[in-house]
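Here are some friendly notes to read alongside the model. Please keep the sequence and the 3D view open as you go through the points.

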Amino acid sequence: MATADEIHRLAQVQPLVIAEAIWVWVDLVTMRPRGIPKEILTGFEQIQPDNKLSKT
């Protein structure tokens with residue numbers, strides 16, 4: 001799951017900073033990735049493939 005945020009200066013449309021965070025749910029016993037529970041996913045807005053940030 002990825003989330004993105006933009007920080008803008010007052011009265012400017014162009015973002016000053018765009019940040020992306022990638023979340024991974026980890027099983028505390030095995031320390032391996034596992035599926036994120038639905039109740040957690042509903043609290044975050046998911047980025048669709050056409051809205052992904054460029055990695056430049």
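1. The protein exposes about 5,300 Å², and carbon and sulfur atoms supply 57% of that area. Accessible areas come from the Shrake-Rupley method with a 1.4 Å probe, and for residues only the protein chains shown count as cover. Of the 56 residues in the protein, 2% are buried (buried means under 20% relative accessible area, exposed over 50%, and partly exposed in between, with a 1.4 Å probe and protein chains only).

2. A word on what you are looking at: this is a predicted model, where local features need pLDDT of at least 70, side-chain atom pairs count only at pLDDT 80 or more, and totals for chains, interfaces and linings use all residues. Residues are numbered from 1 along each chain as its sequence is written, and side-chain values use heavy atoms, with hydrogens and water left out.

3. How confident is the prediction? The mean pLDDT of the protein is 78, and 71% of its residues reach 70 or more (pLDDT is the predictor's confidence in each residue, from 0 to 100). Confidence is lowest in strand 1, with a mean of 74, and highest in strand 4, at 92. Where pLDDT is low, the predicted coordinates should not be read in detail.

4. Now for the layout. The protein has one helix and four strands, and along the sequence they follow the pattern β-β-β-β-α. Helices (H or I, at least four residues) and strands (E, at least two) are DSSP runs, numbered from the N terminus. Among the contacts with a separation of 6 or more, 30% join residues 24 or more positions apart (a contact means heavy atoms within 4.5 Å).

5. Try finding D5, which sits in strand 1. D5 counts as exposed because its relative accessibility is 54%. Which residues does D5 touch, leaving aside those up to four places away in sequence? They are V17, I18 and A19. The C-alpha atoms of D5 and E20 are 6.6 Å apart, with their positions 15 residues apart along the chain.

6. A11 is worth a look too, in the loop between strand 1 (2-7) and strand 2 (17-22). A11 has a positive phi of about 65° although it is not a glycine. Most residues other than glycine have a negative phi. A11 is exposed, with a relative accessible area of 88%.

7. M31 lies in the loop between strand 3 (25-26) and strand 4 (33-34). M31 also has a positive phi, about 60°, although it is not a glycine. With a relative accessible area of 57%, M31 is exposed.

8. Finally, M31 joins I22, V24, V26 and L28 in a nonpolar surface patch, with about 550 Å² of accessible area together. Patches are made of residues with over 30% relative accessible area and no salt bridge, with like charges joined within 9 Å and nonpolar side chains (Val, Leu, Ile, Met, Phe, Trp, Tyr) within 5 Å. A salt bridge is a side-chain nitrogen of Lys or Arg within 4 Å of a carboxyl oxygen of Asp or Glu.
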